[in-house]
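Subject: A structure for you to explore

Hi there,

Here is the structure I promised to send over. Have a look at it first, and then read on for my notes.

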Amino acid sequence: MMNNRLVLITGATSGVGLATANLLAQHQFRVICCGRRKERLREIKNALGKQCHTLRFDVSDSRDVFKAIDSLPGEFSKIDVLINNAGNAHGLDSVESSSLDDWNAMIDSNIKGLMYVTKAIIGPMINRKSGHIINIGSIAGKEVYPKGSVYCATKFAVDAFTKGLRLDLNSHRIKVSAVHPGLVETEFSLVRFKGDRQKAKNVYYGMQPLIAQDIAQCILFMVTQPSHVNVADMVVLPTDQASSIIVNRQ
């Protein structure tokens with residue numbers, strides 16, 4: 001039987017977002033893949049076909065967000081599930097030596113961008129008294145680590161916003177969930193270290209990290225539960241990781 005539910009995924013051009021789009025499409029969900037990279041969006045559309053629609057916008061630009069959501073054609077306008085995945089880490093520095101540009105990039109995408117997209121899509125969900133919002137947080141939103149204070153602060157904010165949103169939307173029967181991954185080998189570290197491939201590789205040295213498909217499987221589990229079940233909060237770590245700072249490296 002066709003699933004036909006519609007899922008909007010931010011940050012869908014790589015990593016967890018792309019893996020989730022591919023997996024949900026395999027399970028007959030329709031997907032709206034959002035991102036900033038035009039060529040990647042074109043490739044995703046070609047691969048997934050008519051069950052996919054793409055939107056190109058920057059989550060940190062509120063006008064861009066609302067304009068993009070408003071542009072959705074009728075058949076892709078009734079969003080059943082929102083997956084707020086877009087976001088990045090920039091730099092790994094102590095507060096006194098870190099860059100204000102890095103601070104703003106993380107705050108604008110990880111916090112404000114997630115909030116903008118949520119605000120843009122919740123109205124119809126409230127009217128229908130149906131929907132599911134899944135925010136991608138991080139183990140860094142549960143416990144801090146050295147030289148990650150601002151990134152951790154943004155992910156603590158995601159955790160707090162998720163909890164508050166769940167309270168606000170409870171009477172509307174809208175599910176609100178979060179997935180908090182530990183070390184996942186994607187483009188994440190490459191972005192954090194501004195393209196330095198050796199530094200990015202060293203993050204996962206001597207241990208087996210999660211991969212994007214692992215988190216996609218967790219999201220699939222969340223969105224396929226019965227209507228009366230909300231998997232509200234999920235922390236997912238590789239077996240080699242015990243906390244944000246304790247990692248078993250061989």
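Below is what was found, going from the cores to a helix and then to some single residues.

Please keep in mind that this is a predicted model.

**The cores**

Which residues touch the most other members of the largest nonpolar core? In this core of 33 residues, they are Leu-24, Ile-83 and Ile-219. Many elements contribute: strands S1, S2 (30-35), S4 (81-84), S5 (131-136) and S7 (233-236) each supply at least two residues, and so do helices H1 (15-26), H2 (38-48) and H8 (212-223). H8 gives the largest share, with 8 residues. You can see how Ile-219 is surrounded by picking out its contacts beyond four places in sequence: Val-16, Thr-20, Ile-83, Ile-134, Ile-136 and Val-179. There is also a second, separate core of 25 residues, and among its members are Leu-72, Ile-79, Ala-86 and Ile-121. As background, nonpolar side chains tend to be buried together in soluble globular proteins.

**Helix H3, a helix with two sides**

Next, turn to helix H3, which covers residues 62-70. Its buried residues are Val-65, Ala-68 and Ile-69. Why do these three lie on the same side of H3? They do so because they cover an arc of only 95° around the axis. The general rule is that an α-helix has 3.6 residues a turn, so residues three or four places apart point the same way. Arg-63, Lys-67 and Asp-70 sit on the other side of H3 and are exposed.

What do the buried residues of H3 pack against? Their partners are strand S1 (6-9), strand S3 (52-56) and helix H4 (100-128). At the N-terminal end of H3, Asp-61 acts as a cap, with a side-chain oxygen 3.1 Å from the backbone nitrogen of Arg-63.

**A buried cysteine**

Cys-33 is a good residue to click on in strand S2. Is Cys-33 buried or exposed? Its relative accessible area is 0%, so Cys-33 is buried. Beyond four places in sequence, Cys-33 touches Ile-9, Ala-12, Ala-21, Leu-41, Ile-44, Leu-48, Cys-52, His-53, Thr-54 and Leu-55.

**Rings and charges**

How many aromatic pairs does a search of the whole structure find? The count is 0. Rings do meet charged side chains, though: Arg-30 lies over the face of Phe-76, 5.6 Å from the ring centre, and Arg-192 lies over the face of Tyr-151 at 5.2 Å from the ring centre.

**Two positive phi angles**

Gln-28 is not a glycine, yet its phi is positive, at about 70°. You will find Gln-28 in the loop between H1 and S2, and it counts as partly exposed because its relative accessibility is 32%. Arg-173, another residue other than glycine, has a positive phi near 60°. Arg-173 is in the loop between helix H5 (149-169) and strand S6 (174-181). With 58% relative accessibility, Arg-173 counts as exposed.

**After the last strand on this tour**

Finally, look for Ile-246 in the segment after S7. Apart from neighbours within four places in sequence, Ile-246 is in contact with Asp-240 and Gln-241. The C-alpha atoms of Ile-246 and Asp-101 are 29 Å apart, and the two residues are separated by 145 residues along the chain.

Enjoy exploring!

Best wishes

Key: Residues are numbered from 1 along each chain as its sequence is written. This is a predicted model: local features need pLDDT of at least 70, side-chain atom pairs count only at pLDDT 80 or more; totals for chains, interfaces and linings use all residues. Side-chain values use heavy atoms; hydrogens and water are left out. Buried means under 20% relative accessible area, exposed over 50%, partly exposed in between (1.4 Å probe, protein chains only). Helices (H or I, at least four residues) and strands (E, at least two) are DSSP runs, numbered from the N terminus. The arc is that of the directions from the helix axis to the C-beta atoms. Contact means heavy atoms within 4.5 Å. A polar contact is a pair of N or O atoms within 3.5 Å; within protein, one must be able to donate a hydrogen and the other to accept it, and residues adjacent in sequence count only if both atoms are side-chain atoms. Rings of Phe, Tyr and Trp (its six-membered ring) pair if their centres lie within 6.5 Å; planes under 30 degrees apart count as stacked, over 60 as edge-to-face and the rest as tilted. A charge sits over a ring if NZ of Lys or CZ of Arg is within 6 Å of the ring centre and within 35 degrees of the ring normal. A nonpolar core is a set of buried Ala, Val, Leu, Ile, Met, Phe, Trp, Tyr and Cys residues joined through side-chain atoms within 4.5 Å.
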